[in-house]
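Reader: I'd like to go through a structure and ask how its labels are earned. Can we take them one by one?

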Amino acid sequence: MRAPAFWTTNGPLARLLTPIGALYAAATRRRLRRKGERLSIPVVCVGNLTSGGTGKTPVVIALAELLAARDFTGVHIVSRGYGGRLIGPVRVDPARHSAEEVGDEPLLLAAFAPVWVGRDRAAAGSAAEAAGAQAVILDDGFQNPALIKDLSVVVVDAESGFGNGRCIPAGPLREPVAVGLGRADLVLCLGRAASRARFLQQAALPDRLPVLEAEIVPRETGMSWAGRRVVAFAGIGRPEKFFATLRNLGAELVGAHALADHQPIGRQLMARLEREARDKRAMLVTTDKDAVRLPRAMHGTAIPVPVTLHVQDTARLEQILDKVFAFKLPG
């Protein structure tokens, strides 16, 4: 789904849809009243308050990598498996499963930690625990009450913020900002330094809520993009951010195709993109999340640009994690 332009304004259409947004918020509030299941291991939730991509996947990966770097290797990830058809719970096997079965994000995450997908998050969490998980990172479960969380991290894209401040369909919010932040334990503000400063000045976040700043940057692969002609495609929440990243790396963007978030990528689309790249004497490039959605026979036809999360104050994040776990993390 591509975010409507009026989600950033308070124009007539946003005002017209506001009563429906109030019903959406009420439904979320009722759902969150349900009693969740508590696992005997810590559950760290990574979520957001808005519809669409804010950078949750790189945050989940960063947490898994941070814990692994401190010799805590028992972290499993639980995901709904958005876009996949398997009900679960099932452990993701990249050699066997496709994005159509388990979703693109779980396939990408499986390169960093064991991943379980399930429509029932509690059942998936229990399956992870039974398989030996010592902690669970719950991907995009902030508005899902199935599991009790020990730490809830709300990820905010500093450039888009909370949009027009209205709930779906009048705006991008899944629930009112004040309500959501009232359940949060940490806000992770993502974006360039100027965007972060502007958002934090305008947002007036609660004083009691810790805020960490971070930026999603390309992983170091040793490849130079300077002067390379590129045809790029991206089916993420904000494809223009990916295109801007390529330009910042010095690539010459001779083609840029914004797909819908999680859009299936079939053979016909890939054939057209490959033909365009050949005609323009350019490399075909995509995001790492889109790369896992390519037809299996076409893996490798587009070069993925992997990204990583750079946190401004990693020591503070480690301190917060230390308080969540019942034991002192190694390191």
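Author: Sure, here are some questions and answers on helices, peptide bonds and loops; keep in mind that this is a predicted model.

Reader: How do you know that H2 and H11 are roughly perpendicular to each other?

Author: Helix H2 (residues 56-69) and helix H11 (residues 314-324) pack at an angle of about 80 degrees. The label covers angles of 65 to 115 degrees, so H2 and H11 count as roughly perpendicular. Their axes are 12 Å apart.

Reader: And which residues make that contact?

Author: On the H2 side they are Leu63, Leu66 and Leu67, and on the H11 side Thr314, Leu317, Glu318 and Leu321. Sorted by class, that gives 5 nonpolar, 1 polar and 1 charged residues.

Reader: What is the span of H1 set against?

Author: Against the 28 Å expected at 1.5 Å a residue. Helix H1 (residues 12-31) has 20 residues and reaches 29 Å from its first C-alpha to its last, which is close to that value.

Reader: Where does H1 bend, and what follows within four residues?

Author: The bend is at Thr18 and comes to about 45 degrees; the residue that follows within four residues is a proline, Pro19.

Reader: Which residues of H1 are buried?

Author: Ala14, Leu17, Gly21, Ala25, Ala26 and Thr28 are. To get that label, a residue needs under 20% relative accessible area.

Reader: Now, why is Ala204 called exposed?

Author: Its relative accessible area is 66%, and exposed means over 50%, so Ala204 earns the word. You'll find Ala204 in the loop between helix H7 (193-203) and strand S8 (211-218). Ala204 also has a positive phi, about 50 degrees, although it is not a glycine.

Reader: What makes Arg281 exposed?

Author: Run the check again: Arg281 has a relative accessible area of 73%, and the cut-off is over 50%, so Arg281 is exposed. Arg281 lies in the loop between helix H9 (267-279) and strand S11 (283-287). Its phi is near 50 degrees, a positive value in a residue other than glycine.

Reader: What is omega for the cis peptide bond from Gly88 to Pro89, and where is Pro89?

Author: Omega is near 5 degrees there. Pro89 sits in the loop between strand S2 (75-79) and strand S3 (90-91).

Reader: Which residues does the cis bond to Pro169 join?

Author: That bond joins Ile168 and Pro169, with omega about 5 degrees. Look for Pro169 in the loop between strand S6 (151-157) and helix H6 (177-183).

Key:
Residues are numbered from 1 along each chain as its sequence is written. This is a predicted model: local features need pLDDT of at least 70, side-chain atom pairs count only at pLDDT 80 or more; totals for chains, interfaces and linings use all residues. Side-chain values use heavy atoms; hydrogens and water are left out. Helices (H or I, at least four residues) and strands (E, at least two) are DSSP runs, numbered from the N terminus. The expected span of a helix is 1.5 Å times one less than its number of residues. The bend at a residue is the angle between axes fitted to the seven residues ending there and the seven starting there. Buried means under 20% relative accessible area, exposed over 50%, partly exposed in between (1.4 Å probe, protein chains only). Axes are lines fitted to C-alpha atoms, for helices over the stretch in contact, and angles run from 0 to 180 degrees between N-to-C directions. Angles under 35 degrees count as roughly parallel, over 145 as roughly antiparallel, 65 to 115 as roughly perpendicular and the rest as oblique. Contact means heavy atoms within 4.5 Å. Ala, Val, Leu, Ile, Met, Phe, Trp, Tyr, Cys and Pro count as nonpolar, Asp, Glu, Lys and Arg as charged, and the others, Gly among them, as polar.
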